Amino acid sequence: MAYNYGLEFEKQLKQKLRKNGIIALNLGYNEIGDLIIPLKHIIIECKTTHSPIWYRKNPKQYDRLKELKNSGIYVFIAIKFRINNKSYLKFFEIDDKYPFNFNEGIEFNQFLDLIQKI
């Protein structure tokens, strides 16, 4: 069985959020997103890449996430960039700008500060 980096990343992020007092629920495999922070109306789609740039691979899912954002739900893409045996976690608010570059986005602590204000 092949190692699933995406699934492992979802579990790690959920655990990391919990350690910081944020309860996130895993939505399981669906077309909306991976994690939801219910009381904050936040959806997080988790992605991993071995490149410094992430390109959307599922335009239908991306369009659905944009629809949710337009309905008043906060939508983020959390990307774990795995480059040269190092990991970089960045959060991006969903918008029309892509691809996402690991030199952009916000760090985990900035994300925590942001969602505390929501």
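**Strands, helix and cores of a predicted structure**

In this predicted model, Phe-76 stands opposite Glu-93, a residue of strand 6. This pair offers a starting point, for strand 5 and strand 6 are joined in the antiparallel sense over 8 bridges. Strand 5 also has a partner in strand 3, and here the pairing is parallel, again over 8 bridges. Within that second pairing, Glu-45 stands opposite Ile-77 of strand 5. Strand 5 thus pairs with strand 3 and with strand 6. How many of the residues of strand 5 are buried? The count is 8 of 10, so that the strand is mostly covered.

The turn that links strand 5 to strand 6 also deserves attention. The two strands form a hairpin with 2 residues between them, and in this hairpin Asn-84 takes a positive phi near 50 degrees. Asn-85, in the loop between strand 5 and strand 6, likewise has a positive phi, near 65 degrees, although it is a residue other than glycine. Asn-85 counts as exposed because its relative accessibility is 85%. Another loop, between strand 2 and strand 3, contains His-41. His-41 is not a glycine, yet its phi is positive, at about 55 degrees. With a relative accessibility of 52%, His-41 is also counted as exposed.

A residue of strand 3 provides a contrast with these loop positions. Thr-49 lies in that strand and is buried, because its relative accessible area is 12%, whereas buried residues are those under 20%. Which residues does Thr-49 touch, apart from those up to four places away in sequence? They are Trp-54, Ile-79, Lys-80, Phe-81 and Arg-82. Of these, Ile-79 will appear again below, as a member of a nonpolar core.

The largest nonpolar core of the model consists of 18 residues, and Leu-13, Leu-17 and Ile-44 have the most contacts inside it. At least two residues of this core come from each of helix 1 (5-19), strand 2 (35-37), strand 3 (42-49), strand 5 (74-83), strand 6 (86-93) and helix 3 (108-117). Helix 3 gives the largest share, 4 residues. A second core, separate from this one, has 14 residues, including Leu-68, Ile-77, Ile-79 and Ile-94. Returning to Leu-13, one may ask which residues it contacts when neighbours within four places in sequence are left aside. Its contacts are Leu-35, Ile-44, Cys-46, Ala-78, Leu-89, Phe-91 and Phe-108.

Phe-108 leads to helix 3, where it is buried together with Phe-111, Leu-112 and Ile-115. These four cover an arc of only 100 degrees around the axis, and therefore lie on the same side of helix 3. The spacing follows a general rule: an α-helix has 3.6 residues a turn, so residues three or four places apart point the same way. Asn-109 and Lys-117, by contrast, are exposed and sit on the face of helix 3 turned away from its buried side.

Finally, the reader should consider the confidence of the prediction. The protein has an average pLDDT of 86, and 90% of its residues score at least 70. Where is this confidence highest, and where lowest? It is highest in helix 3, at 94, and lowest in strand 1 (residues 25-26), where the mean is 80. As a general caution, predicted coordinates should not be read in detail where pLDDT is low.

Conventions
Residues are numbered from 1 along each chain as its sequence is written. This is a predicted model: local features need pLDDT of at least 70, side-chain atom pairs count only at pLDDT 80 or more; totals for chains, interfaces and linings use all residues. Side-chain values use heavy atoms; hydrogens and water are left out. A nonpolar core is a set of buried Ala, Val, Leu, Ile, Met, Phe, Trp, Tyr and Cys residues joined through side-chain atoms within 4.5 Å. Buried means under 20% relative accessible area, exposed over 50%, partly exposed in between (1.4 Å probe, protein chains only). Contact means heavy atoms within 4.5 Å. The arc is that of the directions from the helix axis to the C-beta atoms. Two strands pair if DSSP finds at least two bridges between them. pLDDT is the predictor's confidence in each residue, from 0 to 100.
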